[in-house]
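These are notes for a colleague at the bench, set out as numbered points. Please read them with the structure open alongside.

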Amino acid sequence: MNDQDRDALLDALEKKAGDYEELFASCSQGTLLALQEHFNFGNAEVLKAATAMPGMALRGDTCGAVVAGIMALGLAFGREKADDLAAVSRTTSAARKLCKRFEAEFGSCNCRDVQHHIFGRSFNLTDPQEGKEFVKANAIKKCRLPAERAARITGELILEGRRKHALPVVD
């Protein structure tokens, strides 16, 4: 894959993750679905498993877009047998890179910190009133950014890993 094709794929992936984030109002499902479609892995059950991942059940913990990226890295590189330690190393190394790059852009991988970076404050999304304020703050549009960036970073890592480990670029 040449650089122009790679950039076009990553641009489309990034946009689709944002579009799906808006559709689902879920950074985890938006990010994961875009990655699943672009890399042809996973299924509806995997997407379903990401339902409660935003902010780890809306508690303000790990951003769902990061969790989705890590899930996608597992789908791309994860182990199928207990003794496949190379797959564990490959997957966790890529996941650490994702976290480091996401933190460089948003200051943290935690939802509450990402919210603070985007909105200047964080919201307690388990509180109905705070949830309304979150929506009023244009969260659906503004939360595109973490989903888009997590998807792009993850896509870059998948392409890099498949090339490095001689795995097929597209299934």
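1. The model is predicted, and the points below should be read with that in mind. Phe-24 makes a convenient place to begin: with a relative accessible area of 32%, this residue is partly exposed. Tyr-20, by contrast, counts as buried, because its relative accessibility is 16% and the cut-off for burial is under 20%. Both residues belong to helix α1, which covers residues 3–24, and they sit four residues apart, or about one turn of the helix. In an α-helix, residues three or four places apart point the same way, because there are 3.6 residues a turn.

2. The aromatic pairs come to six in total. For Tyr-20 and Phe-24, the ring centres are 6.4 Å apart and the planes stand at 80 degrees, so this pair is edge-to-face. The rings of Phe-39 and Phe-41 have centres 6.1 Å apart, but their planes are at 15 degrees, so that pair is stacked. Phe-39 is buried, at a relative accessible area of 1%, and Phe-41 also counts as buried, at 8%.

3. A further aromatic group deserves a look: Phe-119, Phe-123 and Phe-134 together form one cluster. A charged side chain accompanies one of these rings, since Arg-121 lies over the face of Phe-123, 3.9 Å from the ring centre.

4. Helix α2 may be worth following residue by residue. Its 13 residues should span 18 Å, and because the C-alpha atoms at its ends are 18 Å apart, the expected and modelled values agree. The helix is mostly covered, with 12 of its 13 residues buried; among them are Cys-27, Gly-30, Leu-32, Leu-35, His-38 and Phe-39. These buried residues pack against α1, α3 (44–49), α5 (64–77) and α10 (144–164). Just beyond the helix, Asn-40 adopts a positive phi of about 55 degrees.

5. Where does His-38 lie, and what is it in contact with? His-38 is part of helix α2, which runs over residues 27–39, and it counts as buried at 18% relative accessibility. With its neighbours within four places in sequence set aside, His-38 is in contact with Leu-9, Ala-12, Leu-13 and Lys-16.

6. The largest nonpolar core has 27 residues, of which Leu-13, Leu-32, Leu-35, Phe-39, Phe-41, Leu-73 and Ile-158 touch the most other members. Helices α1, α2, α3, α5, α6 (85–106) and α10 each contribute at least two residues to this core. Another core, of nine residues, lies apart from it and includes Cys-27, Val-66, Phe-102 and Phe-106.

7. On the cysteines, how many disulfides does the structure hold? There are zero. Cys-111 takes part in no disulfide, and the nearest cysteine sulfur, which belongs to Cys-63, is 6.0 Å away. For Cys-143, the closest cysteine sulfur is that of Cys-27 at 6.8 Å, which is too far for a bond, given that a disulfide requires sulfur atoms within 2.5 Å. Both of these residues are nonetheless covered: Cys-111 is buried with a relative accessible area of 13%, and Cys-143 counts as buried at 13% relative accessibility.

Definitions and conventions
Residues are numbered from 1 along each chain as its sequence is written. This is a predicted model: local features need pLDDT of at least 70, side-chain atom pairs count only at pLDDT 80 or more; totals for chains, interfaces and linings use all residues. Side-chain values use heavy atoms; hydrogens and water are left out. Rings of Phe, Tyr and Trp (its six-membered ring) pair if their centres lie within 6.5 Å; planes under 30 degrees apart count as stacked, over 60 as edge-to-face and the rest as tilted. Buried means under 20% relative accessible area, exposed over 50%, partly exposed in between (1.4 Å probe, protein chains only). A charge sits over a ring if NZ of Lys or CZ of Arg is within 6 Å of the ring centre and within 35 degrees of the ring normal. Contact means heavy atoms within 4.5 Å. The expected span of a helix is 1.5 Å times one less than its number of residues. A nonpolar core is a set of buried Ala, Val, Leu, Ile, Met, Phe, Trp, Tyr and Cys residues joined through side-chain atoms within 4.5 Å.
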